[in-house]
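This briefing introduces a single protein chain to a reader who has not met it before. Please look over the sequence and the structure below before turning to the notes that follow.

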Amino acid sequence: MALRSTPRQDEGADRTDTGTGTAARRLRRRSPRSIELVGVAGFLVVAALTVFMIAPHGSTSVSGVFWNDWVSTEFGPLGPADVDALIKVRQAGLWEIPVGQQAQDRAQLDRVREVGAILAEDHILMDEQLRGVAAQLDVRLPSTPNPDQQRWMDELSGLSGAEFDRVFANRLRFAHGEVIAVLAEVRAGTRNELVRSFCQHGMLMVLRHITLLESTGLVEYEDLPEPRPPERRPQN
């Protein structure tokens with residue numbers, strides 16, 4: 001008599017196990033590739049973060065803080081802060097020369113007329129030196145004052161006598177305080193030999209002008225920016 005075959009109780013389980021085993025084998029076949037892709041993605045993330053963290057960070061810059069903002073010169077690396085200092089000295093001369101010359105006609109006090117003449121003459125000489133430095137470093141200098149300086153020039157053009165003297169002394173004293181701070185910071189940290197020498201000479205001239213302007217007796221010190229308190233200065 002023929003024996004009827006009966007399904008085994010574990011037959012369904014075998015099929016399930018077989019399906020599970022096939023899926024597991026497929027997973028095992030894909031795992032190395034998946035791990036490789038995850039590894040590559042992780043590497044790219046880490047590399048991007050590393051580049052961001054080690055990119056050089058400069059002070060008040062004109063165009064950014066990445067490697068392509070630095071230029072190699074025969075006098076050493078030229079950075080954004082170096083270029084910014086040269087631009088600021090150039091713009092200072094562009095408005096102080098005409099205003100200093102104007103003081104000789106519009107000022108009431110003899111001392112203001114004298115100071116105006118000295119400032120104009122000094123900036124003419126400084127501008128000549130600056131253009132030589134910029135040519136050696138291939139730096140393009142501006143040909144117009146900045147908006148604040150242009151506004152001060154317009155203001156002084158409408159004044160004469162005692163009011164001209166007061167505004168002249170205070171506008172120029174404020175401006176010289178800003179420029180000497182920029183020159184001092186760049187002089188302290190620049191990697192460029194030519195910029196270092198120029199900034200040192202520029203600081204001496206600006207300090208002389210500050211003293212001359214204060215000698216008029218017209219500077220209103222309470223209107224000048226206060227020095228930063230110790231807790232707001234960079235820590236050594």
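**Thr190 and its surroundings**

Leaving aside residues up to four places away in sequence, Thr190 is in contact with Asp82, Val195 and Arg196. The model discussed here is a predicted one. Its chain contains six helices and zero strands, and the notes below are grouped by topic.

- Thr190 belongs to the loop that runs between α5 and α6.
- With a relative accessible area of 10%, Thr190 is buried, because that value falls under the 20% cut-off.
- The side chain of Thr190 also reaches the backbone nitrogen of Asn192, at 3.1 Å.

**Overall organisation**

- Read from the N terminus, the elements of the chain follow the order α-α-α-α-α-α.
- The chain has 236 residues, of which 34% count as buried.
- When contacts between residues at least 6 apart in sequence are considered, 70% of them join residues at least 24 apart.

**Salt bridges**

- The count of salt bridges comes to 11. Three of the pairs are described here, followed by a network.
- Asp110 and Arg113 are joined through their side chains by a salt bridge, with an N to O distance of 1.9 Å. These two residues are three apart in helix α3 (residues 110-137), which means that about one helical turn separates Asp110 from Arg113.
- Arg113 has a relative accessibility of 24% and therefore counts as partly exposed.
- A salt bridge also links Glu155 and Arg171, whose closest N and O atoms are 3.0 Å apart. Because Glu155 lies in helix α4 (residues 147-157) and Arg171 in helix α5 (residues 161-189), this pair ties together parts that are 16 residues apart in sequence.
- Both partners of that bridge are partly exposed: Glu155 has a relative accessibility of 29%, and Arg171 has a relative accessible area of 28%.
- Glu214 and Arg173 form a further salt bridge, in which the closest N and O atoms are 2.9 Å apart. Glu214 is in helix α6 (residues 193-214) and Arg173 is in helix α5, so the bridge ties together parts that are 41 residues apart in sequence.
- The two residues of this pair fall into separate classes: Glu214 is partly exposed at 26% relative accessibility, whereas Arg173 is buried at 13%.
- Arg90, Asp127 and Arg131 are joined into one network by salt bridges that share partners.

**Phe174 and its contacts**

- Phe174 is located in helix α5.
- At 27% relative accessibility, Phe174 counts as partly exposed.
- Apart from residues up to four places away in sequence, Phe174 touches Trp152, Leu224 and Pro225.
- Phe174 and Pro225 are 51 residues apart along the chain, and their C-alpha atoms are separated by 8.3 Å.

**The cavity**

- One cavity of 30 Å³ or more is counted in the model. The space in the largest cavity comes to about 60 Å³.
- The residues that line the largest cavity are Val89, Ala92, Glu96, His123, His176, Val179, Leu183, Gly202, Met205 and Val206. The elements that contribute two or more residues to this lining are α2 (80-106), α5 and α6.
- By residue class, the lining of the largest cavity consists of six nonpolar residues, three polar residues and one charged residue.

**The largest pocket**

- The volume of the largest pocket is about 640 Å³.
- Its lining is made up of 20 residues, and those nearest the centre of the pocket are Gly177, Glu178, Ala181, Glu226 and Arg228.
- At least two residues of the pocket lining come from each of α2 and α5. With eight residues, α5 gives the most to the lining of the largest pocket.
- The pocket lining divides into nine nonpolar, three polar and eight charged residues.

**Helix α5 across the topics**

- Several of the features above involve helix α5. Phe174 lies in this helix, as does Arg173, the partner of Glu214.
- Helix α5 is also among the elements that give two or more residues to the lining of the largest cavity, and α5 supplies eight residues to the lining of the largest pocket.

Terms used. Residues are numbered from 1 along each chain as its sequence is written. This is a predicted model: local features need pLDDT of at least 70, side-chain atom pairs count only at pLDDT 80 or more; totals for chains, interfaces and linings use all residues. Side-chain values use heavy atoms; hydrogens and water are left out. A salt bridge is a side-chain nitrogen of Lys or Arg within 4 Å of a carboxyl oxygen of Asp or Glu. Helices (H or I, at least four residues) and strands (E, at least two) are DSSP runs, numbered from the N terminus. Buried means under 20% relative accessible area, exposed over 50%, partly exposed in between (1.4 Å probe, protein chains only). On a 1 Å grid over the protein atoms alone, a cavity is a set of points where a 1.4 Å probe fits but cannot get out, and a pocket is an open set with protein on both sides within 12 Å along at least five of seven lines; lining residues have an atom within 4 Å of a point. Grid points are joined across faces, edges and corners, and a volume is the space filled by probe spheres set on the points. Ala, Val, Leu, Ile, Met, Phe, Trp, Tyr, Cys and Pro count as nonpolar, Asp, Glu, Lys and Arg as charged, and the others, Gly among them, as polar. A polar contact is a pair of N or O atoms within 3.5 Å; within protein, one must be able to donate a hydrogen and the other to accept it, and residues adjacent in sequence count only if both atoms are side-chain atoms. Contact means heavy atoms within 4.5 Å.
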